[in-house]
Amino acid sequence: MFLLSLGRIIKFSFQDIGRNIWLSIVTMSILILALFSVNMLLTVNVISQAAIGAVKEKIDVNIYIKPDTEESKIMALKAQISGLSQVKDVRYISKQEALESFKDKHQNDPEVMESLKEIGKNPLTPSLVIKPKDVDQYQELIVNLNSIKDDIIESRNFDDHKLMIDKINGITDRVSEAGMVISFTFIIITLLLVYNSIRVAIYTHRREIKIMRLVGASNWFIRAPYLFSGIIYTVVGVSAIVVIYYFFLNLLQPYIETFFIDYDINLAAHFRDNFINIFGLQFLVGIVVNMAASLIAVSKYSKV
Amino acid sequence: MIKFINVTKIYPPDIKALDQVNLHIKPGEFVSIVGQSGSGKTTLVKSLIGEEKVSKGKIIVGGWDITNIGQREVPFLRRQIGVIFQDFKLLDKKTLFENVAFALQVCGQTPKKIKAIVPQVLKIVGLEGKTRRYPREVSGGEQQRAVIARALVHRPKILLADEPTGNLDSINAEEIIELLQKINKFGTTIVLVTHNREIVNRLKKRVITIENGVIVSDQAVGKYML
């Protein structure tokens, strides 16, 4: 009996959508636009996190040591710096390692290589490369490193990477805020459109509803097809956005790869790995929004 | 059995549609309710099918006190009272068979039962040969017969006919009344709300006359008095 009624409710629901097909298409299109903007927001978030991660990876502080310093003294300084709470890792680069790295870097530049030959000896100094634990503690780390007074230190290189990170964060925050406003606007429009679609569907079927009431159909049976329409809108909307968005990501991917060269940012893979979290959540929110709109419209207009 | 005990219905601010109405209709009776427009007939019909709540008094249908009937119980009441209105209220895009079947579908009946019941009721109302026709393809009288068939599918104990002949010519109107009499002979209580003087006088059945919400006359074999 229940399954029979459920089957009829689904049938009536599809009939409702079919009889107001253009309005239904507009409703679903706006829902798809809303979901597209939400996914764009997520994509911007993934890209900005990757960008910040890339910049963070590159942040380090170099302390250059006087050329003829005994290695034991350098190791003592290394141990002292490693003891700082803001430090994640300290790497010692000897004169020889620095030279090899330099040669490697400039192997295709004959002028540099020729100059190096002319000098006749290794002009580079040993150094300590310090990686901070947390970028937010960068300034504290600089202060602590500056407070170390050791004769073996020749120079210090503290580039202000934090400024760059703050800029990226600032841009990301602004993009996210704009995305949130756009998504919220679309969600409100979707809610109003679903509400209106159900209202029009009820108006179109007012005679049918009147007959249903007259012959003893339960309130549940009268209202359920319209509530079910809300579910159909969500299922169609989310299914469409999955297809559309993967297509869009595949178009976007080559540009991302070109822009973030050497970094592994695969947007499609990210969306695939988090499929349930991303699209499942969108489905749930969509159901809640559509059901809420349908419920309000049905309880207000189905009393014909 | 239908009982109205001291029923009063007041529409805000102070319009009395029904005033201390006392009524007792026995099972299997054929009762005509007559009255001018605005006399309270429609309010009486609406209170009987649970569409309007009365302000005072008590309404009992088949031993069931429906005075303060809940929204969830109304559908069960409507399955016990078949209702026919002046405007036929058939769905244009459904055949006569589908229109009648619709009443069973929306109440959860199985396709097997629907296939068994619908032809039976369509035969009772004399539409057995026109089941596949659409409402626009049959006469007004036949449309009203289909409405009666739809009202009968739940095998109601009471059939409430509110101006069932209002949109029909005299021949079709006569046929509908004959059909109602036939249904009454099967034991169904018929409550006929009408303006039609000729029909009421020819029926020679009980007539209740309402004026300004008050029953002014209740005759066992009555005539149209207004």
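**Loops, cores and helix packing in chains A and B**

B:Asn212 has 14 C-beta neighbours inside 10 Å and so counts as partly exposed. The model behind that number is a predicted one. B:Asn212 sits in the loop that links strand E9 (206-211) to strand E10 (214-219) of chain B. Its backbone stands out a bit too: phi of B:Asn212 is near 50 degrees, a positive value in a residue that isn't glycine.

Another residue of chain B shows this kind of backbone. B:Arg155, in the loop between helix H5 (140-152) and strand E7 (158-162) of chain B, also has phi near 50 degrees, again positive without being glycine. Is B:Arg155 buried or exposed? With 12 C-beta neighbours inside 10 Å, B:Arg155 counts as exposed, because the cut-off for that class is 12 or fewer.

One more backbone detail in chain B involves a pair of prolines. The peptide bond joining B:Pro12 and B:Pro13 is cis, with omega at about 0 degrees. B:Pro13 belongs to the loop between strand E1 (2-11) and strand E2 (15-25) of chain B.

Stepping back to whole chains, chain B holds seven helices and ten strands, while chain A has eleven helices and four strands. In chain B, 44% of the 226 residues are buried; in chain A, 25% of the 304 residues are. As for contacts across the sequence, take those in chain B between residues at least 6 apart: 67% of them join residues at least 24 apart. For chain A, residues 24 or more positions apart account for 88% of the contacts with a separation of 6 or more.

Where the two chains meet, 16 residues from chain B and 16 residues from chain A make the contact. On the chain B side, helix H2 (74-80) and helix H3 (96-105) of chain B each bring at least two residues to the surface touching chain A. The largest share there is that of H2(B), with four residues. Sorted by class, this side of chain B comes out as seven nonpolar, five polar and four charged residues.

Now for the nonpolar cores. The largest has 98 residues, and the members touching the most others are B:Val100, B:Leu160 and B:Val191. Which helix gives the most to this core? That is helix H2 (residues 21-58) of chain A, with eight residues. Apart from this core lies another, made of ten residues, including A:Val90, A:Leu128, A:Ile130 and A:Leu141. Back in chain B, and leaving out neighbours within four places in sequence, B:Leu160 contacts B:Val45, B:Leu48, B:Ile49, B:Ile81, B:Gly82, B:Val83 and B:Val191.

In chain A, two helix pairs are worth a look, and both involve H9(A). Helix H9 (residues 219-259) and helix H11 (residues 275-301) of chain A pack at about 150 degrees, their axes 9 Å apart. H9(A) and H11(A) are therefore roughly antiparallel to each other, since angles over 145 degrees fall in that class. The crossing of H9(A) and H11(A) is right-handed. H9(A) brings residues such as A:Tyr226, A:Leu227, A:Gly230, A:Thr234 and A:Val238 to this contact; those from H11(A) include A:Phe279, A:Phe283, A:Gly286, A:Asn290 and A:Leu295. The class count for the contact is 13 nonpolar, eight polar and one charged residues.

The other pair brings together helix H1 (residues 2-19) of chain A and H9(A), which pack at an angle of about 65 degrees with their axes 8 Å apart. H1(A) also passes H9(A) in a right-handed crossing. Among the residues making this contact are A:Ile9, A:Phe12, A:Asp16 and A:Ile17 of H1(A), together with A:Phe221, A:Pro225, A:Tyr226 and A:Ile232 of H9(A). Here the classes divide into ten nonpolar, three polar and one charged. A:Tyr226 thus turns up in the contact with H1(A) as well as in the one with H11(A).

Finally, there's the stretch at H8(A). Helix H8 (residues 206-214) of chain A has A:Glu208, A:Ile209, A:Ile211, A:Met212, A:Arg213 and A:Leu214 buried, so each of these has 20 or more other C-beta atoms within 10 Å of its own. Just after H8(A) comes A:Gly216, which takes a positive phi of about 95 degrees.

Terms used:
Residues numbered from 1 in each chain as written. Chains lettered and ligands numbered in written order. Predicted model: local features only at pLDDT ≥ 70, side-chain atom pairs only at ≥ 80, totals over all residues. Contact = placed C-beta atoms within 7 Å. Nonpolar A, V, L, I, M, F, W, Y, C, P; charged D, E, K, R; others polar. Core = buried A, V, L, I, M, F, W, Y, C linked by C-beta atoms within 7 Å. Axes fitted to C-alpha atoms, helices over the stretch in contact; angles between N-to-C directions. Parallel < 35°, antiparallel > 145°, perpendicular 65-115°, else oblique. Left-handed = near helix turned anticlockwise from the far one by under 90°.
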